[in-house]
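Reader: I would like to learn how to read a model of this kind, beginning with the sheet and then moving outward to the packing and the surface. Could you take me through the features in turn?

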Amino acid sequence: MKIRRDVYQAIADPTRREIINLIAGQSYNVNSIAEKFDTTRQAISLHVKILEECGLLVIKQSGRERFCEVQLERLDEVVTWIDQSRKLWNQRFEKLDKYLQHQKSKEK
């Protein structure tokens, strides 16, 4: 069975969000990323692997080093989903407001 990974899974974990924030400013190798966290290098490697599988970062080889670079355009999928959800809920709340105002005016 193949595990399906997506951008939502990538950002669901706070450590992965911190890694994204860290490498958004500049690329880091995995060891440098691990030094910034109070966890094992193996745990950070697993988070980096998930982020890579989700398309939120790429690993580029430079000599003997492998550097992680963020691919923030993959977050556009999340932004689109949030915008659609916000629009839907705003419409529902507007209908609820109208209903409540109508009920209130009937009570007078």
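**Reading the sheet and its surroundings**

Author: Let us begin with a single pair of residues: Ser62 stands opposite Glu65 in E3. Please keep in mind throughout that this is a predicted model.

Reader: How should I think about strand pairing in general, and in what order do the three strands form the open sheet here?

Author: As a general idea, the strands of a sheet pair through backbone hydrogen bonds, and the pairing may be parallel or antiparallel. In this model the order is E1-E3-E2 in an open sheet, with antiparallel pairing. Strand E1, residues 28-29, and strand E2, residues 57-62, are the edge strands, each of them pairing on one side only.

Reader: How many bridges join E1 to E3, and how many join E2 to E3?

Author: E1 is joined by two bridges to strand E3, which covers residues 65-70, while six bridges join E2 to E3. On the E1 side, Tyr28 stands opposite Cys68, and Asn29 stands opposite Phe67. On the E2 side, Lys60 also faces Phe67 of E3 as its opposite residue.

Reader: What should I look for in the hairpin of E2 and E3?

Author: Look at the residues between the strands and at their backbone angles: this hairpin has two residues there, and Gly63 takes a positive phi near 65 degrees.

Reader: Which helices pack on the sheet or lie across its strands?

Author: Helix H2, residues 14-25, packs on the sheet and touches E1, E2 and E3, and its direction makes about 100 degrees with that of E3. Helix H4, residues 41-53, lies across E2 and E3, and runs at about 110 degrees to E2.

Reader: Which residues have the most contacts inside the largest nonpolar core, and which element supplies the largest share of that core?

Author: The core has 20 residues, and those with the most contacts inside it are Ile19, Ile23, Ile33, Ile44, Val48, Leu51 and Cys68. Helix H1 (7-12), H2, helix H3 (30-35), H4 and E3 each supply at least two residues of this core, and the largest share, four residues, comes from H4.

Reader: With what is Cys68 in contact, once its neighbours within four places in sequence are left aside?

Author: Cys68 is in contact with Ile23, Ser27, Tyr28, Val30, Ile33, Val48, Leu57, Val58 and Ile59. One of these partners, Leu57, has its place in strand E2, and if the sequence neighbours within four places are again left aside, the contacts of Leu57 are Ile23, Val48, Leu51, Glu52, Cys68, Glu69, Val70 and Gln71.

Reader: Does Leu57 count as buried or exposed?

Author: The relative accessibility of Leu57 is 2%, so Leu57 counts as buried. For Val79, which has its place in helix H5 (residues 76-107), the value is 44%, and Val79 therefore counts as partly exposed.

Reader: How far apart in space are Leu57 and His102, and how far apart are Ile11 and Cys54?

Author: Such pairs are best read with both separations side by side. Leu57 and His102 are 45 residues apart in sequence and 51 Å apart in space, C-alpha to C-alpha, whereas Ile11 and Cys54 are 43 residues apart in sequence and 9.6 Å apart in space, C-alpha to C-alpha. Ile11 has its place in helix H1, and, not counting residues up to four places away in sequence, Ile11 touches Arg17, Ile20, Leu56, Leu75 and Val78.

Reader: How much space lies in the largest pocket, and which residues line the largest pocket?

Author: About 200 Å³ of space lies in the largest pocket. Its lining is made of Asn29, Val30, Asn31, Arg41, Ser45, Val48, Lys49, Ile59, Arg64, Glu65 and Arg66. The elements giving two or more residues to this lining are H3, H4 and E3, and H4 provides the largest share, four residues.

Notes: Residues are numbered from 1 along each chain as its sequence is written. This is a predicted model: local features need pLDDT of at least 70, side-chain atom pairs count only at pLDDT 80 or more; totals for chains, interfaces and linings use all residues. Side-chain values use heavy atoms; hydrogens and water are left out. Two strands pair if DSSP finds at least two bridges between them. Contact means heavy atoms within 4.5 Å. Axes are lines fitted to C-alpha atoms, for helices over the stretch in contact, and angles run from 0 to 180 degrees between N-to-C directions. A nonpolar core is a set of buried Ala, Val, Leu, Ile, Met, Phe, Trp, Tyr and Cys residues joined through side-chain atoms within 4.5 Å. Buried means under 20% relative accessible area, exposed over 50%, partly exposed in between (1.4 Å probe, protein chains only). On a 1 Å grid over the protein atoms alone, a cavity is a set of points where a 1.4 Å probe fits but cannot get out, and a pocket is an open set with protein on both sides within 12 Å along at least five of seven lines; lining residues have an atom within 4 Å of a point. Grid points are joined across faces, edges and corners, and a volume is the space filled by probe spheres set on the points.
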